[in-house]
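Work through the exercises below with the structure open beside you. Try each task before reading its solution.

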Amino acid sequence: MNKKTLIFTDLDGTLLDHYTYQSDDAKETIVTLKQSDIAIIANSSKTLPEILAIRQQLNLPDPFIIENGAAVYIPVNYFNRQPTDTKLQGEFWVKEFTQQKEHWLSLLNQQAQRFSDAYQGFSQMDNKQLAKLTGLNLEQATRAKQRQYGEPVNWLGNAQLKTEFIGMMRSLGANMLQGGRFLHISGFCDKGKAQHWLAEQYAKETPQQKIISIALGDSENDIAMLEQATIAVLIRSPVHDFPMLKRTLDIYHSRQYGPAGWAECLHEILLSKLIR
């Protein structure tokens, strides 16, 4: 059976350097993958405007997943048929997996007041504050604030209070994910569910091909997609340990950081028997 390889990649700390947000060390590999007709699918906590800018910068034409699995965006006519349960939004077919951001902001305002001094949410910051906190420039910070489905928060309190906060928000139906920098509050969606759904669309499009999914990530919010993929690639981070996975097979750990580690592992995998 023929095989179709899909690469699902986190951005911050993975395809993009943790400090500089650049992907120079991966650009040669990106060109090679595209020449080999291998889809490169961003699967990130980033917003729609952020990923659109990165797709344009890196010339990535494939579908992508925003805000920790909240929605999948597929360019119109990318598949022969529009997938079921998607809506037309501009130039994309969109599959949503969770409630809008306003729902979670309402819960925070009404139910989490005793924690208000222990965190600062994106919605509470202006563009300059967010830029200073993240190292983004003002244009990038503006795009980062345009969230549709969830609220990232910068945790300021201690670990015990954070555990209490996470427990309370989960009791209210929130899915709590720790990213490389921020604690993300959203509905019960994750990168793994969105990744699985999109891989199924590829399988429906080309049923004669076996789908091989390679997921690359560096943080806890990448665990769901790393567990779900055919091959999991953990990218070394300069600020935290590798996330812990339950799976024990078909796992790679990069020796290098960020995009250099991204390129390192993909070269190794593409030469291995795993996807032949």
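The exercises that follow deal with a predicted model, and they cover strands, sheets, cores, a cavity and a pocket.

**Exercise 1. Strand E1 and its partners**

Task: Find how many residues of strand E1 are buried, and which residues stand opposite Thr 9 in strands E11 and E2.

Solution:
- Step 1. Locate strand E1, which covers residues 2-9. A residue counts as buried when its relative accessible area is under 20%. Six of the eight residues in E1 are buried, and the strand is mostly covered.
- Step 2. Look for the pairing with strand E11, residues 209-217. E1 and E11 run parallel and are joined by eight bridges.
- Step 3. Look for the pairing with strand E2, residues 39-42. This pairing is also in the parallel sense, over four bridges.
- Step 4. Read off the partners of Thr 9. In E11 the bridge partner is Leu 216, and in E2 Thr 9 stands opposite Ala 42.

**Exercise 2. A sheet and the helices on it**

Task: Take the open sheet that contains E3, E4, E5 and E6, give its strand order, and explain why one side of E3 and of E5 has no neighbour in the sheet.

Solution:
- Step 1. The order of the four strands is E3-E4-E6-E5, and the pairing is antiparallel.
- Step 2. Strand E3 (64-66) and strand E5 (87-89) stand at the edges. Each has a single partner strand, so one side of each is left without a neighbour in the sheet.
- Step 3. From one strand to the next, the twist averages 35 degrees.
- Step 4. Inside the sheet, strand E4 (residues 71-75) and strand E6 (residues 92-96) are joined by five bridges. Phe 92 of E6 is the bridge partner of Pro 75.
- Step 5. Helix H2 (residues 48-58) packs on this sheet and touches E3, E4, E5 and E6. The direction of H2 makes about 150 degrees with that of E3.
- Step 6. Helix H7 (residues 191-205) also packs on the sheet, where it touches E3, E4 and E6. The direction of H7 makes about 30 degrees with that of E4.

**Exercise 3. The second sheet in this set**

Task: State the strand order of the open sheet that contains E7, E8, E9 and E10, and name its edge strands.

Solution:
- Step 1. The order is E7-E8-E10-E9, with antiparallel pairing.
- Step 2. Strand E7 (119-121) and strand E9 (175-178) are the edge strands, each pairing on one side only.
- Step 3. Neighbouring strands are turned by 30 degrees against each other on average, direction ignored.
- Step 4. E7 pairs with strand E8 (residues 151-155) over three bridges. Within that pair, Tyr 119 has Trp 155 as its bridge partner.

**Exercise 4. Nonpolar cores**

Task: Which residues of the largest nonpolar core touch the most other members?

Solution:
- Step 1. Nonpolar side chains in soluble globular proteins tend to be buried together.
- Step 2. The largest nonpolar core has 35 residues, and Tyr 73, Val 233 and Trp 262 touch the most other members.
- Step 3. Apart from this core lies another of 17 residues, including Leu 107, Ala 112, Ala 174 and Met 176.

**Exercise 5. Cavity and pocket**

Task: Give the volumes of the largest cavity and the largest pocket, and name the helix that gives the most to the pocket lining.

Solution:
- Step 1. There are two cavities of 30 Å³ or more. The largest holds about 310 Å³ of space.
- Step 2. Of the 26 residues lining the largest cavity, Asp 12, Ser 45, Arg 181, Phe 182 and His 184 lie nearest its centre.
- Step 3. The largest pocket holds about 190 Å³. Among its lining residues are Leu 16, Tyr 21, Glu 50 and Arg 143.
- Step 4. H2 and helix H5 (138-144) are the elements that give two or more residues to this lining. H2 gives the most, with four residues.

Notes:
Residues numbered from 1 in each chain as written. Predicted model: local features only at pLDDT ≥ 70, side-chain atom pairs only at ≥ 80, totals over all residues. Heavy atoms only, no water. Core = buried A, V, L, I, M, F, W, Y, C linked by side-chain atoms within 4.5 Å. Buried < 20%, exposed > 50% of the residue type's maximum accessible area, 1.4 Å probe, protein only. Pairing = 2+ DSSP bridges. Axes fitted to C-alpha atoms, helices over the stretch in contact; angles between N-to-C directions. Contact = heavy atoms within 4.5 Å. 1 Å grid on protein atoms, 1.4 Å probe; cavity = no way out; pocket = protein on both sides within 12 Å on 5 of 7 lines; lining within 4 Å. Points joined across faces, edges and corners; volume = space filled by probe spheres on them.
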